[in-house]
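Reader: I am new to this structure, and I would like to understand how its descriptive terms are reached. Could you take my questions one at a time?

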Amino acid sequence: MTQILVNGMLLSANYALIALGITLIFSIMNVLNFAHGQMFMIGGFVVYYAVVVWGLPFPLGLLGAAVIVGVIGMVVESVFFRRVMKNSSREENTMLLAVGTALLLENVALSLFGEKQRGIPPIISGVYRLGDAFLPANRLLVLGISLALIAAVLLFVNYSRTGRAMRALAQDRTATLLMGVDVPRISTLGFGLGAALAGIAGALLISISGVNAGIGTAISTKAFIMIMIGGAGVMSGALLGAVTLGFAEALGYAFFPGSVTYLIIFIGLILFLLFRPQGIMGKPWG
Amino acid sequence: MIQVSRRTMLMSTGALVLAAVMAGPSGALAADKVLKIGQLGVMSGPEASWGLVNKFSALATAEMWNEKGGIEIGGDKYKIEIVSVDDRNDPKLTVSGAERLTGEGIKYIIGPNMDTTATSVRPIAEKNKALYFPYAFARSLYTAPAENAVLGMVASYQVAPVMYKILKEERGVKKIAFIARNDSDGLLQREEGVKVAEALGLEIVSKDDTYESSITDFFPVVGNVVAKNPDLIVMSSVAPAHAPQIMRAAREMGYTGLFGAESAQDMKIINEVAGEMGSGLISIGGASTPEIRSPYMEEFIDRYTKIAGEWNDEAGTKAYALEMILGTLQKAGPAAIDDIEVFKAAIPEFEMKNPFLKEDAVVKYVGTADFGQKRQIGVPMVITETKDGELTTLSIGSVE
């Protein structure tokens with residue numbers, strides 16, 4: 001049982017970074033970023049090239065992933081999304097744009113990085129024992145970095161001037177505009193921060209499971225599950241969604257044949273949404 | 001500054017395009033006949049490497065022949081042109097891809113890569129009289145009344161008896177566990193593997209653990225398998241991307257036994273993802289291990305590396321399809337280029353020197369034992385083991 005709890009904890013922390021990024025973008029822009037998984041993938045590849053190809057230290061690769069994917073996010077927001085949102089009142093247009101961006105990034109990655117799985121050696125080696133559970137040192141380090149980053153993001157969003165502007169934008173776009181906030185700038189920064197979080201998650205997880213050009217869709221799917229559970233656009237909901245999914249996976253894989261786990265998760269999600277479509281922490285729509 | 005009107009610009013561009021179209025291809029076509037070979041498979045998404053290795057292998061072989069002036073069939077030289085279609089592992093796209101290729105008059109198609117996609121090609125191939133070379137193991141594809149598919153590699157159920165026997169007798173394996181991808185290929189390979197293990201008297205300690213191809217962390221899944229304390233963990237239909245992740249997760253949980261895979265793996269990926277935890281994987285390879293490869297294989301590896309950017313050990317099994325198609329066409333004669341019945345008639349007696357092996361061996365069509373007809377390329381059954389970051393040859397056999 002200890003191993004199951006350890007697995008749940010490790011998965012939850014990894015997923016939390018992914019969920020935070022996608023919910024940040026949704027809250028500020030009201031855009032479901034279908035390309036979130038592809039941004040995760042690019043973060044992983046940045047670290048791969050930094051560490052394996054160019055021989056740079058991992059922290060530099062991690063920083064590079066955050067910056068590069070963050071910049072990609074800002075460019076995508078200011079060049080594509082802002083324009084489409086300005087010219088179209090239909091929400092599905094931004095969804096289609098997000099899907100198109102996902103396909104674009106995936107195919108560019110396939111051309112640039114090739115079809116192979118890429119990975120880096122563990123950042124630190126060794127395995128700890130927690131009761132009868134195994135806790136690899138590398139996963140523990142990733143857990144620690146993830147928790148530190150989550151705390152940093154929450155502090156930034158809650159207490160910095162820019163973070164408060166992001167939260168204001170999430171609550172009421174018109175009121176924020178009337179209060180003199182530079183909405184386009186905050187939107188771009190928010191999208192960039194959300195993308196950077198996806199990049200960091202990819203950069204951390206490449207040291208555990210590696211990445212390939214096609215991994216994006218699976219990551220995006222998990223991200224959507226998490227924010228549907230927790231409530232789209234709510235930070236605490238994203239974290240709750242991550243913990244729920246992480247432990248559901250760990251428990252499911254331990255007690256049911258492997259593939260039944262996600263079947264149960266999806267059935268549970270459908271039933272849950274029937275009763276609480278806005279998620280645990282989300283406000284009812286309308 | 002010179003002012004250029006939009007109309008002048010458009011006209012100039014049009015003239016340039018027209019000139020390029022008339023001067024380029026028509027000159028080349030006049031000099032050479034072209035033999036088009038199709039390649040259809042998954043080249044994007046998590047399984048992208050399976051189809052892309054087919055594509056790069058076919059391109060490498062085609063380039064090597066084309067540099068020599070092309071392939072001579074019935075006294076005429078043909079330049080080889082590879083036409084690739086990505087089916088994204090979606091049978092609907094496989095069907096449209098097969099229709100597109102056969103619509104272009106292509107009679108020989110390398111791929112697809114999965115049972116579902118390979119099965120979906122069958123009606124198209126039969127209707128349009130095309131022959132295809134899948135890398136999928138469903139017996140129904142190659143057993144009469146089906147006769148338009150030729151298996152391009154050694155099937156898992158052909159490798160398993162040999163592999164498990166070696167591991168039982170030489171490595172003392174007694175307890176075996178299976179972990180399978182949850183798709184038709186993975187489940188089929190697992191069922192076949194379980195039958196073989198039972199026949200050999202091995203104790204099956206786990207066989208229900210499966211995972212989706214979209215899995216992102218194997219730690220929780222592998223934990224169940226490791227807890228059963230097997231001597232060998234067989235990864236059924238494992239993708240090269242997933243094998244090192246499973247191995248690493250198992251080793252991190254204290255597993256010290258062996259791993260088995262009845263599909264080709266890639267040493268570079270294993271080294272990158274699993275590092276020193278990647279030793280002890282027994283899998284099927286091609287003719288690419290250094291101790292058995294011929295100079296022609298070395299040349300193929302160089303060419304493949306130039307095209308794909310780096311070598312992939314999977315290509316050792318996928319180097320054979322185009323060479324066999326070309327060799328058979330040479331023997332069957334020019335009529336076979338447009339008539340697969342002529343090609344099929346040449347299959348039973350056809351054999352050629354295996355160009356990829358250093359030793360003097362022949363490669364021919366096999367499959368009678370499993371399919372009742374020769375509908376399989378006789379790729380050597382090279383069983384390899386990963387040891388200290390290298391692929392080493394454990395045994396070499398053949399399929400009849």
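Author: Let us begin with contacts in chain B, in what is a predicted model. Among contacts between residues at least 6 apart in sequence, 67% join residues at least 24 apart.

Reader: How do you know whether the radius of gyration of chain B agrees with that of a compact globule?

Author: The rule takes 2.2 Å times the number of residues to the power 0.38. For 400 residues this gives a value near 21 Å, and chain B has 23 Å, so the two are said to agree. Along the principal axes, the C-alpha atoms of chain B fill a box of roughly 75 × 60 × 40 Å.

Reader: What makes a residue such as Ser237(B) count as buried or exposed?

Author: The count of other C-beta atoms within 10 Å decides, and 20 or more of them make a residue buried. Ser237(B) has 26 such neighbours and therefore counts as buried, as do 56% of the 400 residues in chain B. Ser237(B) lies in the loop between strand 8 and helix 8 (243-252) of chain B, and its phi is near 55°, a positive value in a residue other than glycine.

Reader: Why is Lys129(B) called partly exposed?

Author: A residue is exposed at 12 or fewer neighbours and buried at 20 or more, with partly exposed in between. Lys129(B) has 13 other C-beta atoms within 10 Å, so the term partly exposed applies. Lys129(B) is found in the loop between helix 4 and strand 5 of chain B, and its phi, near 50°, is positive although the residue is not glycine.

Reader: And what makes Lys195(B) partly exposed?

Author: Lys195(B) has 13 C-beta neighbours inside 10 Å, and therefore counts as partly exposed. Lys195(B) belongs to helix 6 (residues 184-199) of chain B. From Lys195(B) to Gly70(B) the separation is 125 residues in sequence and 46 Å in space, C-alpha to C-alpha.

Reader: Why are strand 7 and strand 15 of chain B said to stand at the edges of their sheet?

Author: The sheet is an open one of 7 strands, with the order 7-6-8-9-10-14-15 in chain B and mixed pairing. Strand 7 (203-211) and strand 15 (390-397) each have a single partner strand, so one side of each is left without a neighbour in the sheet. On average, neighbouring strands of this sheet are turned by 25° against each other, direction ignored.

Reader: How do you know that strand 10 and strand 14 of chain B are paired?

Author: Two strands pair if there are at least two bridges between them. Strand 10 (residues 281-285) and strand 14 (residues 381-387) of chain B are joined by 4 bridges and run antiparallel, and so they meet that condition. The bridge partner of Ile282(B) in strand 14 is Glu385(B).

Reader: Which strands does helix 5 of chain B touch where it packs on the sheet?

Author: Helix 5 (residues 156-171) touches strand 8 (232-236), strand 9 (258-261), strand 10, strand 14 and strand 15 of chain B, and its direction makes about 50° with that of strand 14. Helix 7 (residues 219-227) of chain B also packs on the sheet, touching strand 6 (175-181), strand 7 and strand 8, with its direction at about 170° to that of strand 7.

Reader: Where is Pro112(B) found, and what is omega for the cis bond from Gly111(B) to Pro112(B)?

Author: Pro112(B) is found in the loop between strand 4 (108-110) and helix 4 (115-127) of chain B, and omega of that cis peptide bond is near -5°.

Definitions and conventions. Residues numbered from 1 in each chain as written. Chains lettered and ligands numbered in written order. Predicted model: local features only at pLDDT ≥ 70, side-chain atom pairs only at ≥ 80, totals over all residues. Helix = DSSP H or I, 4+ residues; strand = E, 2+ residues; numbered from the N terminus. Axes fitted to C-alpha atoms, helices over the stretch in contact; angles between N-to-C directions. Contact = placed C-beta atoms within 7 Å.
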